[in-house]
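Visitor: I am in my first year and still learning to read structures like this one. Could you take me through a close look at a single part, and then show me what else is worth seeing around the chain?

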Amino acid sequence: MNAIVDASLAKSFGLNAEEYARVLAIIGRTPSLTELGIFSVMWSEHCSYKSSRVWLRELPTSAPWVIHGPGENAGVVDIGDGLAAIFKMESHNHPSFIEPYQGAATGVGGILRDVFTMGARPVANLNALRFGRPENPVTKRVVDGVVRGIGGYGNCVGVPTVGGEVNFHPAYDGNPLVNAMTVGIAHTDKIFLSAAAGVGNPVVYVGSRTGRDGIHGATMASAEFDADSDAKRPTVQVGDPFTEKLLIEACLELMATDAIIAIQDMGAAGLTSSSVEMAGKGEVGIELDLDSCPQRETGMTAYEMMLSESQERMLMVLRPDRQDLARKIFEKWELDFAVIGHLTDTGRIVIKHQGRTEADIPLAPLADQAPLYRRPYTEPVLPASLGETTDPLGLKDGLLKLIACPDLCSRAWITDQYDSTVGGQTVKRPGAADAAVVRIEGSTRALALTTDCTPRYCAADPRSGGAQAVAEAWRNLTAVGARPLAVTDNLNFGNPEKPEIMGQFVAAIQGMAEACRALDFPVVSGNVSLYNETQGTGILPTPAIGGLGVLDDAADAVGIAPSAGDTLILIGITLGHLGQSLWLREILGQEAGAPPPVDLVAERQTGDFIRAAIRNADVSACHDISDGGVLVAVAEMVLAGSVGAVLNPGPADIAPHAFWFGEDQARYLVATGNPTALRRAAGAAGLPARVLGRAEKSGLTLPNGVTISEAALREAHTCFFRDWMTT
Amino acid sequence: MKAAIVIFPGTNRERDVAIALKNATGNQPAMVWHGETSLPGTDLVVLPGGFSHGDYLRCGAMAAQSPIMPAIRRFAAQGGHILGICNGFQILTEAGLLPGALLRNAGLRFISRDCHLRVERADTAFTRHYQRGQVFRAPMAHGDGNYFAEPEIVSMLEGEGRIAFRYATPDGKVDPAANPNGSVASIAGIFSANLRVLGLMPHPENLVDPLMGGTDGKPLFDGLTEALAA
């Protein structure tokens with residue numbers, strides 16, 4: 001590649017004129033192609049967070065149990081007994097639309113590396129997926145490819161995929177979202193960071209060889225899609241979960257020694273970002289000799305090697321006297337191990353290749369002078385609140401239609417393709433509880449894990465929607481009996497250069513921040529994915545929340561399945577809010593009104609009550625009320641328990657459809673064998689506790705006396721994926 | 001009982017089966033790297049689940065050529081007990097220690113959910129803590145578990161009583177609706193001629209603790225522990 005480096009080439013690399021001028025000022029001459037490549041990826045939206053950084057600072061990130069917040073490869077929280085949970089969520093949206101299988105698979109691989117690079121054994125994967133309308137011809141292919149990709153990678157590396165969420169909406173037709181989350185466990189005194197140290201120490205490359213795949217992937221992830229997106233397929237990387245598995249085992253084996261000074265995975269922008277970040281954080285210099293870089297192809301240039309996003313690679317700084325020990329471990333696992341450079345005291349990154357200096361850049365300005373934009377934004381326009389509605393279908397048909405719709409139907413078709421039991425610690429599998437519960441091997445403790453966001457609420461009112469996403473994650477952790485500890489977020493939005501999109505982003509962050517503060521639920525890691533637009537149409541604002549909580553005793557975890565004879569009690573205030581509800585969308589065909597208000601004081605009070613009730617063993621099953629409202633929650637519970645229920649009439653002052661399908665927040669549906677004690681406790685806590693009915697052996701009898709058989713209910717709940725995927 | 005678990009590159013259920021064995025025996029099993037050429041003194045060899053060598057050629061095909069395999073063949077020839085689960089079953093068929101092959105699931109998708117297994121004989125070291133005809137639940141997690149063998153091999157297995165488990169309904173009916181992956185004769189697991197080598201696709205080791213949803217898999221490990229007690 002003999003391109004002439006100038007402002008127009010820089011523009012094609014994603015650097016605008018002002019940014020290119022800044023590059024010239026920093027290095028004082030025309031950059032080489034490799035240097036331009038390094039600047040363009042480090043200053044891409046994906047790596048520099050140039051549009052989002054000023055706003056991310058508004059999120060609360062600390063708590064007594066937070067060991068490392070944002071800024072490391074993943075967030076780290078203390079979970080007691082000398083153990084830490086390390087976790088993060090990251091998007092692979094753009095690659096997953098171009099090539100669904102590999103896009104999703106490498107998304108899983110990338111987030112796994114972010115976690116094990118810090119010294120944790122990955123113990124659980126989750127995901128948050130958004131797809132276009134099922135009627136859109138490409139959606140089926142994308143869903144199938146993404147699900148196969150997540151399974152293909154996660155199953156092979158042997159990390160259970162235990163939870164996630166899936167939505168369908170036309171706004172994702174040309175821009176699906178694939179957000180992958182990994183959780184790992186480490187000892188609090190054995191956490192590995194990326195800051196390099198020790199001038200002269202060797203810089204070691206391990207893992208797969210470098211090829212020409214994924215060159216400029218980070219830049220692609222920072223631009224909108226156009227009709228030529230298919231031509232970008234070569235920028236999608238190819239995953240090799242087998243090598244990842246070997247890399248996990250080799251790294252963990254090496255991490256048990258004292259050989260590693262610093263370690264960083266090669267993620268977006270590969271060798272460039274890992275070497276720049278390690279040296280930059282350590283305030284040292286770094287010199288790499290690319291002749292030593294393991295290569296999969298011949299004739300690769302420095303530019304190609306520095307920009308490649310080949311997967312399953314790590315960069316480490318080792319103690320020189322432990323180099324041989326480290327080499328033996330990687331040779332045992334049949335992985336490449338190469339010393340490709342050393343640390344210097346120059347504060348510069350110097351790249352040599354075939355006797356030539358291909359890049360020589362001062363590290364401090366590369367980081368400090370990265371662009372930072374306070375982009376103009378407009379306040380979101382909020383919809384008028386919804387007026388009176390009338391119910392054209394009645395409860396029975398409304399329920400059957402709702403539980404069959406793509407957003408509410410059974411996810412078993414998807415989760416049955418993910419290995420959720422490998423590791424032998426999965427206490428609550430997908431669908432069994434509001435959050436996945438995974439015991440910590442060798443301990444009685446367990447992690448509770450969930451991913452949540454309600455994009456239609458965020459579109460209607462980004463601030464309240466951002467708060468709701470956090471509150472729902474907190475509620476789902478609470479509903480299994482866990483103490484919510486911290487959040488990882490994945491902020492998926494459209495083009496931030498449009499003031500209305502930036503306005504959504506700002507408001508959503510403000511709502512999230514409020515909820516995180518009110519619930520003591522800090523954000524410890526995350527990822528921002530902007531430019532989720534195709535041909536000018538943006539996605540719904542989707543700030544996906546990954547929540548992590550802890551149970552001191554895994555045996556205390558409750559699921560959503562009641563036993564016949566249990567009393568069903570609704571805890572929390574019901575007003576019958578139908579604005580932006582799924583009932584409104586699926587039955588009346590409207591996406592209208594304000595989303596349900598989020599009262600964080602009520603949220604906290606109700607959740608704290610539920611957690612205490614679970615600890616007191618007053619609860620045999622618990623399910624938070626969310627999409628579809630109370631009646632959908634009842635249906636999900638009886639299906640999970642293979643039981644039935646007989647329901648009492650709702651209150652006289654709320655229309656039946658509003659009571660049973662409204663989506664008021666801060667509510668839980670509890671099954672209990674001890675209703676008297678539970679109601680008394682709720683009364684003492686000042687919380688409404690309404691007896692909805694009783695779980696029975698079979699059949700769901702609605703308050704109007706109509707009974708739906710278990711078979712009819714199950715058929716409605718499971719038919720969508722089965723029928724869609726076999727046509 | 002002493003047990004040794006063989007680890008190939010890409011094995012991923014070794015810790016699961018180690019937990020099940022330790023629960024049953026009270027001892028930590030030995031972990032043996034595939035690059036070794038001899039086994040430690042042991043009563044049971046376990047080939048656990050996973051994706052040895054990434055399943056990149058054919059599931060189990062490369063692992064069957066590992067340096068440890070001659071020692072495993074000798075162990076089998078001397079009447080040793082071998083348990084191959086999932087990828088371990090695939091390796092045993094590729095190594096010729098069990099007949100047949102495991103093909104892609106009939107539905108061409110990975111399947112991860114509980115299945116029900118009917119115990120076809122209870123007079124072996126592996127199944128002695130079950131009753132003949134008993135049905136137990138076991139998680140399955142595989143993409144290539146569709147057992148296939150030529151009709152005469154299947155007849156031989158039937159005739160010699162070498163079918164260990166069949167996929168069944170919860171009340172013990174063997175029918176196509178209860179066969180998750182298309183296996184011939186609903187076969188989920190088979191024995192060697194001397195009944196000392198067992199290969200099966202589902203994962204009894206993932207159901208040995210009530211907290212994880214049940215203990216249906218525990219009798220297999222308890223039975224082995226009793227049968228192979230020194």
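Guide: Happy to! Let me begin with a term we will need: two strands pair if DSSP finds at least two bridges between them. Please also keep in mind that this is a predicted model.

Our single part is strand 22 of chain A, residues 567-571. Of its 5 residues, 5 are buried, so the strand is largely enclosed by the rest of the structure. Look at where the side chains go: A:Thr567, A:Ile569 and A:Ile571 point one way from strand 22 of chain A, while A:Leu568 and A:Leu570 point the other way, and all are buried.

Now for the neighbours. Strands of a sheet pair through backbone hydrogen bonds, either parallel or antiparallel. Strand 22 of chain A pairs with strand 25 of chain A in the antiparallel sense, over 5 bridges. With strand 26 of chain A, residues 689-696, strand 22 of chain A also pairs in the antiparallel sense over 5 bridges. You can follow both pairings from one residue: the bridge partner of A:Thr567 in strand 25 of chain A is A:Thr672, and in strand 26 of chain A the partner of A:Thr567 is A:Arg694.

Next, go to the loop between helix 23 (656-661) and strand 25 (668-672) of chain A, where A:Ala666 sits. A:Ala666 is not a glycine, yet its phi is positive, at about 55°. A:Ala666 counts as buried, with 8% relative accessibility. Elsewhere, A:Tyr49 also has a positive phi, near 55°, and is a residue other than glycine. You will find A:Tyr49 in the loop between helix 4 (45-48) and helix 5 (53-56) of chain A.

There is another sheet to visit. It is an open sheet of 6 strands in chain A, in the order 14-15-16-21-17-18, with mixed pairing. Its edge strands are strand 14 (426-428) and strand 18 (523-529) of chain A, each pairing on one side only. From one strand to the next, the twist averages 20°. Helix 18 of chain A, residues 462-479, packs on this sheet and touches strands 16, 17 and 21 of chain A. The direction of helix 18 makes about 150° with that of strand 16 of chain A. Helix 19 of chain A, residues 499-518, lies across strands 17, 18 and 21 of chain A, and runs at about 175° to strand 17.

For a meeting of two helices, try helix 7 (residues 100-116) and helix 10 (residues 241-255) of chain A, which pack at an angle of about 5° with their axes 11 Å apart. These two helices are therefore roughly parallel to each other. Among the residues that meet there are A:Leu112 and A:Phe116 from helix 7 of chain A, and A:Leu247 and A:Ile248 from helix 10 of chain A. The residues of this contact divide into 6 nonpolar, 1 polar and 2 charged.

One last stop: the cysteines. A search of the whole structure finds 0 disulfides over all chains. A:Cys405 shows why one pair fails: its sulfur is 7.1 Å from the closest cysteine sulfur, in A:Cys409, too far for a bond, since a disulfide needs the sulfur atoms within 2.5 Å. A:Cys405 is buried, with a relative accessible area of 3%, and A:Cys622 is buried too, at 0%.

Terms used:
Residues numbered from 1 in each chain as written. Chains lettered and ligands numbered in written order. Predicted model: local features only at pLDDT ≥ 70, side-chain atom pairs only at ≥ 80, totals over all residues. Heavy atoms only, no water. Buried < 20%, exposed > 50% of the residue type's maximum accessible area, 1.4 Å probe, protein only. Helix = DSSP H or I, 4+ residues; strand = E, 2+ residues; numbered from the N terminus. Axes fitted to C-alpha atoms, helices over the stretch in contact; angles between N-to-C directions. Contact = heavy atoms within 4.5 Å. Parallel < 35°, antiparallel > 145°, perpendicular 65-115°, else oblique. Nonpolar A, V, L, I, M, F, W, Y, C, P; charged D, E, K, R; others polar.
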